[in-house]
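Me: I would like a close look at one part of this protein, the nonpolar core. Please take it residue by residue where that helps.

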Amino acid sequence: MIVDALDHLVKGIVDSPEGVTVALKENRRGELVEIRVRPEDLGRVIGRQGRTAKALRTVAHALNGDTVRVDIVDTDRRR
């Protein structure tokens, strides 16, 4: 549910929705939602002073509690 919601929101923000991937990963620190976008869309997803990224994190915490972390990366960064 959280992946679908964030995927929908991010695809509405970016210029290239086909370049968006959202994945839920488990690690020792808990759950991590990784949002990957194209480099030219990174600024749109982060927003001015990080406001858009903060809003996406707020949505994630509302859906899944404070145990989830959200990481926004561009597709050029290695996995």
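Reply: What follows starts from one side chain and works outward to the core around it. The model is predicted.

Leu-6 is a convenient place to begin. This residue sits in helix H1, which covers residues 2–13. Its relative accessibility is 0%, and because buried means under 20%, Leu-6 counts as buried. Leaving aside residues up to four places away in sequence, Leu-6 touches Val-22, Val-33, Ile-35, Leu-56, Val-59 and Ala-60. For a sense of distance, Gly-47 is 41 residues from Leu-6 in sequence, and their C-alpha atoms are 15 Å apart.

The strands come next. Strand S1 spans residues 21–27 and strand S2 spans residues 30–37; they pair in the antiparallel sense, with seven bridges. The link from S1 to S2 is a hairpin of two residues. Within this pairing, Val-33 of S2, one of the contacts of Leu-6, stands opposite Leu-24.

Now the core as a whole. The largest nonpolar core contains 16 residues, and those with the most contacts inside it are Leu-6, Val-10, Val-33, Ile-35, Val-37, Val-45 and Ile-72. Two or more residues come from each of H1, S2, helix H3 (51–64) and strand S3 (68–74). In soluble globular proteins, nonpolar side chains tend to be buried together.

Ile-72 gives a second view of this core. Again not counting residues up to four places away in sequence, Ile-72 touches Ile-35, Leu-42, Val-45, Ala-53 and Leu-56. Of these, Ile-35 and Leu-56 are also touched by Leu-6.

Technical notes:
Residues are numbered from 1 along each chain as its sequence is written. This is a predicted model: local features need pLDDT of at least 70, side-chain atom pairs count only at pLDDT 80 or more; totals for chains, interfaces and linings use all residues. Side-chain values use heavy atoms; hydrogens and water are left out. Two strands pair if DSSP finds at least two bridges between them. Helices (H or I, at least four residues) and strands (E, at least two) are DSSP runs, numbered from the N terminus. Buried means under 20% relative accessible area, exposed over 50%, partly exposed in between (1.4 Å probe, protein chains only). Contact means heavy atoms within 4.5 Å. A nonpolar core is a set of buried Ala, Val, Leu, Ile, Met, Phe, Trp, Tyr and Cys residues joined through side-chain atoms within 4.5 Å.
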